[in-house]
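Biologist: I'm new to this one, so could you take me through a single part of it, slowly and in plain words? Pick a spot in the interior and work outwards from there.

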Amino acid sequence: MYIPRGFQRSGSLALIMGREARFIVLNGDETFRAELRSTLLKVDGVKLVAEVEEPALLLQAVQQFPVEVLLVNLDPNPEAVLPIVGDVAGANRELAIFATSESTDGQLILKAMRMGIKEFLPKPIDTRALEEAIGRIAVDRAGTATQGSLITVVGTSGGVGATMITTNLAVELAAIAEGHVTVVDLDYRYGQVATLLDVDPKYSLADLCSSPEALEPQVIGRALTKHNTGLDVLGRPNYLAEADTITAAACMGVFSSLTQFNDYVVADGPTRFDVGGQSVLALSDVTLLVVQQLVPCVRNARRILENMRDTGYNLERARLICNRVGRGSGHLSVNDVSETLGLELFASIPDDWETASGAINLGEPFLTYSPKSKLRVAIQEIAERLHSPESQADDKDTRRQSLIGRIFTVS
Ligand SMILES: Nc1ncnc2c1ncn2[C@@H]1O[C@H](COP(=O)(O)OP(=O)(O)OP(=O)(O)O)[C@@H](O)[C@H]1O
Ligand SMILES: [Mg+2]
């Protein structure tokens, strides 16, 4: 397999009538990128698997990543794009192809339809029309297997507790879901996921990114290290220099494969907000934003949220976690943090240095080190809420109400 350069992969979760719709986007118009992403990610069930800028790379992308829908931006030059889309449609009869354009010229629409495009969505894309179009293909494809969810954990400051939360959350999810769960260390340089779980992975993300064949799900499966709780671990590279060999496209190829055979993939990171980091965030079903009751932390969180919003991320998929609560917050309450960020608090985790440091030093999850500790119970509850669809739905309704008009209005 070959991952073409120039791909940017991205995406997100949820279910359409119990199923997901994975998208590849062909869009050569940079000014339309954030709007297009944001429109797609507003729809429950949509996973944006790859964004292709060059029409010439489209066929390879479609061959490499299994998706239900290809969405093509015909602008600014439909005549150049349409023949390539026609070739892709001819070679991939199963693929539903949607097109969007500013033009409502009947001749263009007719031509697009003749080329195999199933749905034409005039700009600006109406969310309901998009949902309906997806609904039609979902009905056509009853029985398609669902994919695992990607949960990303983003620390808003150094040492805020992201790695501790990631590893323990992954362990709890593995216990609750009774399925496959993999934890991935995206802190390429100083990551400590393997240390916290006391495992010694032979292979890392860098090895998987080193050759296109390594992105095959079977190869990835063999590269994972088993933890004694059943969780699989993909650690950070062993050598600092290897971090530079990890490209955004290859990294997303790894995630795409991992979600095919895991119920949950939990990532410690991204730790940066470059193209690679943004793509991982956009592919995430849920992003846990970890803060502490400290002004620099909240300021960073705000910057991160602003960046996520500006790059088309659906903030309804973000969850606010306040860590180390209860150790005397020094003028900043959990409510202050939540209000300032315009994001409802999803969960708070108590401060407990004794348990945290003890478990970390022994390389044990709280599940076995201190199963009754408040720290363990708090993270177990987060895992349960993420796992349970009902509580997710409740959360979503409340969050939607509270978010409207609140995000970024509080200074
Ligand atoms: N709830 C908590 N109670 C007490 N100590 C905690 C808690 N959460 C984290 N810590 C401590 O904070 C330290 C940093 O935690 P961790 O390494 O998980 O943070 P991080 O955000 O991943 O840091 P980095 O930015 O270095 O990646 C650890 O020593 C851990 O013991
Ligand atoms: Mg860390």
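Modeller: Sure, and keep in mind that this is a predicted model. Let's begin with the largest nonpolar core, which has 115 residues; Phe23, Ile24 and Val266 are the ones that touch the most other members. Helix H6 gives this core its largest share, eight residues. Both domain 1 (7-140) and domain 2 (149-403) supply at least three residues each to the core. As a rule of thumb, nonpolar side chains in soluble globular proteins tend to be buried together.

Of those three well-connected residues, let's follow Val266. Setting aside neighbours within four places in sequence, Val266 is in contact with Ile151, Val153, Thr166, Leu169, Ala170, Leu173, Val181 and Val183. You can sort some of these by element: Ile151 and Val153 fall in the range of strand E7 (residues 149-155), Val181 and Val183 in that of strand E8 (residues 181-185), and Thr166, Leu169, Ala170 and Leu173 in that of helix H6 (162-177).

Val266 itself sits in strand E11 (residues 264-268), which is mostly covered, with five of its five residues buried. Tyr264, Val266 and Asp268 point one way from the strand, while Val265 and Ala267 point the other way, and all of them are buried.

Now look at what runs alongside E11. Strand E7 pairs with E11 in the parallel sense, over five bridges, and Ser149 stands opposite Tyr264. Strand E8 is also parallel to E11, again joined by five bridges; here Asp185 has Asp268 as its bridge partner.

Helix H6 is worth following a bit further, as it leads us to ligand 1. The ligand is surrounded by 19 residues, and the closest are Gly161, Ala162, Thr163, Met164 and Ala356. H6, strand E13 (318-325) and helix H14 (353-362) are the elements that each give two or more residues to that shell. The largest share there, four residues, comes from H14. Sorted by class, the shell holds eight nonpolar, seven polar and four charged residues. H6 therefore turns up in two places on our tour: as the source of the largest share of the core, and as one of the elements around the ligand.

To step back for a moment, the protein chain has 17 helices and 14 strands. Of its 411 residues, 47% count as buried. Among contacts with a separation of 6 or more, 78% are between residues 24 or more positions apart.

Definitions and conventions. Residues are numbered from 1 along each chain as its sequence is written. Chains are lettered from A and ligands numbered from 1 in the order in which they are written. This is a predicted model: local features need pLDDT of at least 70, side-chain atom pairs count only at pLDDT 80 or more; totals for chains, interfaces and linings use all residues. A residue is near a molecule or strand if its C-beta atom, placed from the backbone, lies within 6 Å of it. Ala, Val, Leu, Ile, Met, Phe, Trp, Tyr, Cys and Pro count as nonpolar, Asp, Glu, Lys and Arg as charged, and the others, Gly among them, as polar. A residue is buried if 20 or more other C-beta atoms lie within 10 Å of its own, exposed if 12 or fewer, and partly exposed in between; C-beta atoms are placed from the backbone. Two strands pair if DSSP finds at least two bridges between them. A nonpolar core is a set of buried Ala, Val, Leu, Ile, Met, Phe, Trp, Tyr and Cys residues joined through C-beta atoms within 7 Å. Domain bounds come from an automatic or database domain assignment. Two residues are in contact if their C-beta atoms, placed from the backbone, lie within 7 Å.
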